[in-house]
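Morning, everyone. Let me walk you through this one, starting with the chains and ending at a single residue.

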Amino acid sequence: MRFVDEFRDAEKARVLSARIAELCEPGRQYKFMEVCGGHTHTIYKHGLEDYLPETVSLVHGPGCPVCVIPMGRLDDAIAIAEEPDVIMTSFGDMMRVPGGRGSFFDSNAAGADIRMVYSPLDSLKIARQNPDKRVVFMAIGFETTAPSTAMTVLRAAAEGLENFSIFCNHVTIIPAIKAILDSPDLRLDGFIGPGHVSTVIGCRPYEFIAREHGKPLVCAGFEPLDILQSVYMLLLQLREGRCEVENQYARVVPWDGNPKALRVIGETMELRPYFEWRGLGFISQSALQVREKYAVHDAERIFSVPGVRVADPKACQCGEVLKGVLKPWECKVFGTACTPETPIGTCMVSSEGACAAYYNFGRFTRERVKEATRA
Amino acid sequence: MTTQDLGANIPTRSTQAGWAEQAVAEAEREGPHIGREHLSREQQVMERIDRARARKARVKEPRITLSHGAGGKATHNLIDAIFLEAFRNPELEQLSDAASVQVGSGSNQVRLAFTTDSYVVSPLFFPGGDIGELAVNGTVNDLAMAGARPLVISAGFILEEGFPTDDLRRVVASMAAAAKAAGVQIVTGDTKVVQRGKGDGCYINTAGIGVRERPVELNAANAAPGDVILVSGPIGDHGITVMLARGELDISADIVSDTAPLHELTAALLDAAPATRMLRDATRGGVATILNEVAAASKTAIVVDEESVPVRPEVRGASELLGIDPLYVACEGRLVAVVPPEQADAALAALHGHPLGDGAAVIGRVVADPPGLVLLKTTFGGTRIVDMLVGDPLPRIC
C-alpha cells in the first residue's frame with residue numbers, strides 16, 4: 001500500500017534500531033513518554049518495542065481521548081440519551097466505556113437510541129432525517145477532533161438545524177502535559193509529541209517543555225518508523241546535550257499549526273474554567289465548552305445534566321498509568337477485575353488505551369514471546 | 001493541578017460505581033500468590049491473569065448487547081454460561097461447526113453431520129451475493145468443515161410486514177441457484193411474518209444434514225506443535241464488502257463478497273491430507289478468532305507470519321482506514337486448516353488445485369509455548385499477541 005508500506009519497512013527499522021543502540025550511554029536507563037494514544041496503539045500493533053534496547057522504555061501518556069473521560073461525565077451523557085425523543089450519537093470507541101451505571105451499549109440495550117457514527121457530519125445527517133427527534137453528538141477528543149465538531153456546529157447553525165446539539169467533552173493537550181510535568185513521582189527523559197494534535201496546534205505550544213522543564217520533545221508521526229525515528233532524534237538530542245522541540249512529522253505538521261482549524265474552534269468553543277480528567281483530577285482551563293452564541297446547539301444548556309462525580313474504585317490506578325508512573329501490569333486490578341471485556345478503568349476500553357494495548361498486544365513476558373517466534 | 005487548586009467551584013457531590021467496586025472485591029478475594037514468590041512480579045501478574053481467563057464464563061450484563069453477537073469473547077461467554085450450561089452434552093461441548101450424529105450400527109452405521117445457522121446480514125443484497133446465497137453456502141460450509149458431504153438443508157424465513165415480494169423472489173432464486181451449485185436440496189422450511197418495525201426485512205435460518213464418508217477426525221484439540229496453518233485464499237473480502245455496501249462510509253472499493261460453497265475444496269483437501277487436524281470456515285470474528293479457538297482447545301501457541309497472510313490491497317486499505325485488523329474480518333468462502341507438517345505440501349497443492357483455493361497460503365505454525373496464545377510476527381518485524389476480539393467492529397455481517 002503506497003504511503004504506508006514505506007513507513008513499515010523492516011530493513012530500515014533494523015538500521016534505525018542499530019543506531020538507537022549506539023546512541024544509548026552504557027548503564028543509563030531512558031524513559032520517553034508517548035503522549036498520544038495513537039502512538040501507543042502503533043507501538044503495540046507493530047511490536048515496535050522489539051527494536052528498542054532494554055534500557056529504553058516507552059511510557060504511555062494521557063493522550064487517549066476515550067481514556068480521559070471520567071465516569072460521571074459518561075453518566076451525564078447517558079442521562080441525556082435517556083431523555084424523551086433523543087438520539088445520541090457517538091464514535092464506536094465510546095460505546096463500551098463504562099460509567100457509574102453502565103455503558104452506552106447497556107443503555108442502548110435498555111431502550112435508549114444510541115447510534116455509532118464515523119463522523120459528526122453523520123450525526124448531522126441523522127438530525128436532518130429526523131426533524132422530530134433531538135440528535136446529540138457525544139463530542140470527545142483533543143484538538144485533533146475539535147475542528148470537525150466545530151465545523152459541524154457551524155453547519156448546523158447555517159442550516160438552522162435546531163434539533164442538533166453536541167455534548168462537548170473536548171479537551172486540550174497542553175494542560176494535561178503540564179499536569180504530568182508537575183507530577184513529583186515522575187522521571188522522564190523526553191516526550192514523543194502527539195502528531196495529530198500538532199497538525200492543528202503546531203509545535204510552538206510545546207516550547208515551554210524544553211525551555212522551562214528541560215525535556216526534549218519530538219513531534220512524531222503514526223507509522224512505526226516515525227516513532228523509531230523520533231526515539232532516535234530524542235536520544236541524539238540527549239547525546240549532543242541539546243533540549244529542543246523538533247518536528248519529525250513535518251510531512252503533515254506545520255510548525256505554526258492550522259490557523260483555519262484553530263479559527264473554527266475559537267468561533268464555536270471557549271475554555272471551561274475546569275474539567276475533570278480521569279485519573280488526573282480537575283485541571284483548570286483544560287477543556288472546551290460551546291460558546292453562548294451557539295447555545296441552541298449545546299446539549300449542556302438544552303438538557304438538565306446531573307453532573308454527579310463518580311469516584312474511581314480505590315484499586316483502579318488509571319491515574320498512575322496515565323501519568324506513566326505505573327506500567328499497566330503494575331495496576332492492582334490489571335487483567336483480573338479489569339479486562340477488555342469488563343473494563344473498570346477507561347485505559348482498558350479503547351484499543352488506544354495503555355492497558356488494553358498492553359493486554360491485547362503484549363501480555364506475555366518478552367522472553368517467552370521471543371522464544372516462541374524464533375524461526 | 002489538583003482539586004484543591006480550584007477552590008470552591010468543584011462539584012462535591014460524588015458517588016461510587018457499584019459494579020466496579022464489586023468486581024474489584026471479587027478479584028481481591030482470589031488472594032495473593034502464595035508459593036509463587038520466586039517469580040518476577042510481572043510473571044506473577046501474568047499467572048494471575050491466566051487464572052482470571054480460565055475462570056468459568058459468566059454473563060454479567062443484565063441485557064443482551066450487540067457484543068454478544070460479535071463472535072468474540074462476549075459471544076463465547078454467552079454460549080458457555082447460558083446455552084452450554086443448560087443443554088450440556090458431550091457432542092455440544094465440542095462447539096464445532098456441525099454436530100456428529102450416528103445412525104444404525106455395525107456395518108450399517110452411517111455417520112451424519114448436523115448444523116444450523118441464522119442470517120441477519122444488512123444490507124440483504126451486496127456486491128458478490130445476497131442473504132439467500134449466504135444462507136445456503138454458510139450451512140453447506142459448516143457441514144463441509146466437519147468433513148461431511150452436504151445432503152439436504154432446511155430454510156426458515158422471518159419476514160417483516162411490507163417486505164417487497166420481488167426482493168423475496170430474488171433472495172429465493174439465489175438460494176435455489178446456490179443449492180443447485182452445492183448439490184444440496186432444500187427439503188423443508190417454515191415461514192413467519194412479523195409486524196412492520198419488528199424485523200429488518202428478511203431473516204433466514206437454515207439447517208443442514210451431511211454424511212461423513214471419510215474416516216477423518218477433525219477436532220481443534222488435536223492441533224500439535226509442528227503443525228502448519230493454512231488459509232484457502234485472501235481474507236476479509238466479505239466483511240469489508242458488506243460494510244462498504246451499507247454506504248455509511250463514503251468509501252468505495254472494487255471488491256466483492258467471497259461467499260462460496262467449500263465442500264469440494266474440503267473434499268480435495270481431506271483426500272490429499274487425511275491427517276488434517278481441523279477445518280473451520282473463517283466467518284464472524286475472522287481468522288484470528290479461529291486461531292484463538294485452536295490455541296485454547298489444543299493448549300498450544302500459534303505463531304502467524306503477518307507477511308504471508310493473503311489480504312487484497314483493497315481490503316487492507318479499507319481496514320487501515322476503518323482502524324480494524326483484517327485478521328478479525330469475516331469471510332464467507334475461506335477456510336482455515338491445521339495440517340501436520342508431513343502433509344502440509346500435499347494440502348497446499350490440493351487447495352491450489354481448486355479455483356476456490358488458488359490464493360491459498362501457509363500463514364503460520366503451531367508451537368508448544370505459551371499455551372493458548374496466538375502470536376503475530378508483524379510485517380514491520382516486531383511481535384504481538386492476537387487475542388480474541390472484544391466488542392463488535394462490524395455488526396450484522398452474516
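Two strands pair, for our purposes, if DSSP finds at least two bridges between them. Keep that in mind for the whole talk. And note that this is a predicted model.

With that rule, take strand β3 of chain A, residues 86-90. β3(A) pairs with strand β5(A), residues 134-141, in the parallel sense, over four bridges. For register, V86(A) sits opposite R134(A) in β5(A). β3(A) is also joined to strand β4(A), residues 113-116. That pairing is parallel as well, with four bridges. Here T89(A) has R115(A) in β4(A) as its bridge partner. How does the chain get from β3(A) to β4(A)? Through helix α4(A), residues 104-109, in a right-handed β-α-β crossover.

Is β3(A) mostly covered or mostly open? Mostly covered: five of its five residues are buried. Look at the two faces. One side carries V86(A), M88(A) and S90(A), and the other I87(A) and T89(A). All of these are buried, so both faces of β3(A) are covered, given that buried means 20 or more other C-beta atoms within 10 Å.

Now zoom out to chain A as a whole. It has 15 helices and 14 strands. Of its 375 residues, 57% are buried. What radius of gyration would a compact globule of 375 residues have? Near 21 Å, and chain A has 21 Å, so the two agree. Along the principal axes, the C-alpha atoms fill a box of roughly 65 × 45 × 45 Å. On contacts in chain A, take those with a separation of 6 or more. Residues 24 or more positions apart account for 76% of them.

Next, where the two chains meet. The contact draws 59 residues from chain A and 61 residues from chain B. On the chain B side, several elements give two or more residues, including β1 (14-16), α1 (18-29), α3 (73-87) and α10 (313-322) of chain B. Which element gives the most? That is α2(B), with seven residues. By class, this side of chain B has 27 nonpolar, 16 polar and 18 charged residues.

There is strand pairing across the chains too. Strand β14 of chain A, residues 309-311, pairs with β1(B). The sense is parallel, over three bridges. V310(A) has T15(B) as its bridge partner in β1(B).

On to the sheets of chain B. First, an open sheet of seven strands. Its order is β10-β12-β9-β13-β11-β14-β15 (chain B), and the pairing is mixed. Which strands are at the edges? β10(B), residues 278-281, and β15(B), each pairing on one side only. Neighbouring strands are turned by 25 degrees against each other on average, direction ignored.

Inside this sheet, β11(B) and β14(B) run parallel, joined by four bridges. I302(B) stands opposite V374(B) in β14(B). Helix α9(B), residues 286-298, lies across five strands of chain B: β9, β10, β11, β12 and β14. α9(B) runs at about 150 degrees to β11(B).

Then there is an open sheet of five strands in chain B. The order is β2-β3-β8-β6-β7 (chain B), again with mixed pairing. Why do β2(B), residues 99-103, and β7(B), residues 185-194, each have one side without a neighbour in the sheet? Because they stand at the edges, each with a single partner strand. The twist averages 20 degrees from one strand to the next.

Within that sheet, look at β3(B), residues 110-119, and β8(B), residues 202-211. They pair in the antiparallel sense, over eight bridges. A113(B) has G210(B) as its bridge partner in β8(B).

Last stop, I324(B). Where does it sit? I324(B) is in the loop between α10 and β12 of chain B. Why does I324(B) count as buried? Because it has 20 C-beta neighbours inside 10 Å, and 20 or more is the cut-off for buried. Finally, a distance. I324(B) and P215(B) are 109 residues apart in sequence. In space, C-alpha to C-alpha, I324(B) and P215(B) are 39 Å apart.

That's the tour. Over to you.

Note on methods: Residues numbered from 1 in each chain as written. Chains lettered and ligands numbered in written order. Predicted model: local features only at pLDDT ≥ 70, side-chain atom pairs only at ≥ 80, totals over all residues. Contact = placed C-beta atoms within 7 Å. Nonpolar A, V, L, I, M, F, W, Y, C, P; charged D, E, K, R; others polar. Axes fitted to C-alpha atoms, helices over the stretch in contact; angles between N-to-C directions. Buried ≥ 20, exposed ≤ 12 C-beta atoms within 10 Å, placed from the backbone. Right-handed = clockwise from strand over helix to strand, strands pointing away. Rg over C-alpha atoms; globule rule 2.2 N^0.38 Å.
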